[in-house]
Amino acid sequence: MDLSIIIVNYRTYDLTKQTIESVINKNHPFSYEIYVVDNASADGSLENLKKDFSRESENGLIKFIANEENKGFAHANNLALNQISSKYVLLLNSDTIVVDDCIEKCIDYMENDNTLGAVGCKVVLPDGTLDKACRRSFPNFNVSFYRMTGLSHIFPKSERFGRYNLTYLDENETYEVDCLVGAFMLLRSAAIRQVGLLDETFFMYGEDIDWCYRIKAAGWRIVYYSDAEIIHYKGASSKQKNKLIYEFYRAMYIFYNKHYKDEYSRIITAITYAGIWGMYGLKLSLNTLKTNYGMIMPNKPPKEPVSQLSK
């Protein structure tokens, strides 16, 4: 098998179906299989997906894994990773659409360079703008400080201040980066065997950055490949947003402790902790105000239900 694609579903039946169709409705010049891991949705989405793709399931193209408990993005992907033996692995969000021959282009790119451990494509939002998370620097103290203080937004074209999302680089060019987004991450299985599976300490957010960190530390290169593209739908209901905010800043805390704590002084660590949890408190308060304000706006259109994979 050339490629194993892993898609995690959590109460996003329509989006997940759309994602799968964007893959299987194309003629690919490589052999592939799809693992759909349901994270205990309990809303009938798994059963409906099985019905929709029963023929593909019968011929082995699509394999379904029912997770009895939602233990997060990393855990769900690891369930599938433990079963595959293909040359390449693609993590693909359930709220994405693969555009044209995106996957083929990325595989060809990796085939031509054995030093590549992972490749990410250009990820665009429905409005056509770039999903900035698809190309990033590791969030060390300086990079995170520039982002939290707003300097990265004030000076996005600065090579010094714009490193978090590499906003000073042309999104239509290809170059090596520190990390990609788990919404679309094509990995060489040899790199996975060397560095291990996703860290399940992360529930959502951060596990993709941690994986990229370990892959680069093992000597592999990671590239943002702009000639290939997917569309990424991102959204969250206000009731679920608080959980997402918490997990985002919790992931930052875990990542810092795992990779940077021993490199910095106690003062820097204290400042980092204060920044992380201070921003968490601020974002939580702002979302609460927004939620309460939205409750008195009956004509406000509802947002898409959140995929627990949203990055």
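Me: Is M204 buried or exposed in this predicted model?
Reply: This is a predicted model. M204 sits in the loop between helix 8 and helix 9. Its relative accessibility is 3%. Buried means under 20%, so M204 counts as buried.

Me: How far apart in space are M204 and N78, C-alpha to C-alpha?
Reply: Along the sequence, M204 and N78 are 126 residues apart. In space, the C-alpha to C-alpha distance between them is 13 Å.

Me: Which residue in the loop between helix 8 and helix 9 has a positive phi although it is not a glycine?
Reply: The loop runs between helix 8 (189-195) and helix 9. One of its residues has a phi of about 75°. With a relative accessible area of 13%, that residue is buried. The residue is Y205.

Me: A40 also has a positive phi. Is A40 buried or partly exposed?
Reply: A40 is not a glycine, yet its phi is about 55°. A40 is found in the loop between strand 2 (32-39) and helix 2 (45-52). Its relative accessible area is 24%. Buried requires under 20% and exposed over 50%, so A40 is partly exposed.

Me: How many residues of strand 2 are buried?
Reply: Take the two faces in turn. Y32, I34, V36 and D38 are buried on one side. E33, Y35, V37 and N39 are buried on the other. Strand 2 is therefore largely enclosed by the rest of the structure, and its buried residues number eight of the eight.

Me: Which residue of strand 2 is the bridge partner of S4?
Reply: Strand 1 and strand 2 pair in the parallel sense. Seven bridges link them. In strand 2, the partner of S4 is E33.

Me: Which residue of strand 4 is the bridge partner of L3?
Reply: Strand 1 (residues 3-9) pairs with strand 4 too. The sense is parallel, over four bridges. In strand 4, the partner of L3 is Y88.

Me: Which residues of strand 4 are buried on the side away from Y88, L90 and L92?
Reply: In a regular strand the side chains alternate between the two faces of the sheet. In strand 4, five of five residues are buried. Y88, L90 and L92 cover one side. The other side holds V89 and L91.

Me: Which residue of strand 8 is the bridge partner of Y88?
Reply: Strand 4 (residues 88-92) and strand 8 run antiparallel. Five bridges join them. L91 stands opposite M185 in strand 8. The partner of Y88 is R188.

Me: How many residues of strand 8 are buried?
Reply: F184, L186 and R188 are buried on one side of strand 8. M185 and L187 are buried on the other. Strand 8 (residues 184-188) is thus mostly covered, and the buried count is five of its five residues.

Me: Which residue stands opposite L186 of strand 8?
Reply: Strand 6 (residues 116-124) joins strand 8 by two bridges. The two strands run antiparallel. Opposite L186 stands V119.

Me: Why do the buried residues C102, I103, C106, I107 and M110 lie on the same side of helix 5?
Reply: Helix 5 spans residues 102-111. C102, I103, C106, I107 and M110 are buried there. They share a side of the helix because the arc they cover around the axis is only 125°.

Me: Which feature does UniProt place at residues 4-192?
Reply: Over that stretch the chain is 32% helix and 23% strand. Its end C-alpha atoms are 13 Å apart. The UniProt entry is unreviewed, and the feature is "domain: Glycosyltransferase 2-like".

Me: What is the volume of the largest pocket?
Reply: Rolling a probe the size of a water molecule over the atoms shows where empty space is left. The lining of the largest pocket counts 50 residues. The volume of this pocket is about 1,500 Å³.

Me: Which residues lie nearest the centre of the largest pocket?
Reply: Helix 6 (141-148), helix 7 (151-154), helix 9 (207-217), helix 10 (238-259) and helix 11 (266-295) each supply at least two lining residues. The lining divides into 26 nonpolar, 14 polar and 10 charged residues. Nearest the centre lie R147, Y164, F248, Y249 and K283.

Terms used. Residues are numbered from 1 along each chain as its sequence is written. This is a predicted model: local features need pLDDT of at least 70, side-chain atom pairs count only at pLDDT 80 or more; totals for chains, interfaces and linings use all residues. Side-chain values use heavy atoms; hydrogens and water are left out. On a 1 Å grid over the protein atoms alone, a cavity is a set of points where a 1.4 Å probe fits but cannot get out, and a pocket is an open set with protein on both sides within 12 Å along at least five of seven lines; lining residues have an atom within 4 Å of a point. Grid points are joined across faces, edges and corners, and a volume is the space filled by probe spheres set on the points. Ala, Val, Leu, Ile, Met, Phe, Trp, Tyr, Cys and Pro count as nonpolar, Asp, Glu, Lys and Arg as charged, and the others, Gly among them, as polar. Buried means under 20% relative accessible area, exposed over 50%, partly exposed in between (1.4 Å probe, protein chains only). Two strands pair if DSSP finds at least two bridges between them. The arc is that of the directions from the helix axis to the C-beta atoms. UniProt positions are given in the numbering used here, feature names are shortened, and annotations may be inferred rather than shown by experiment.
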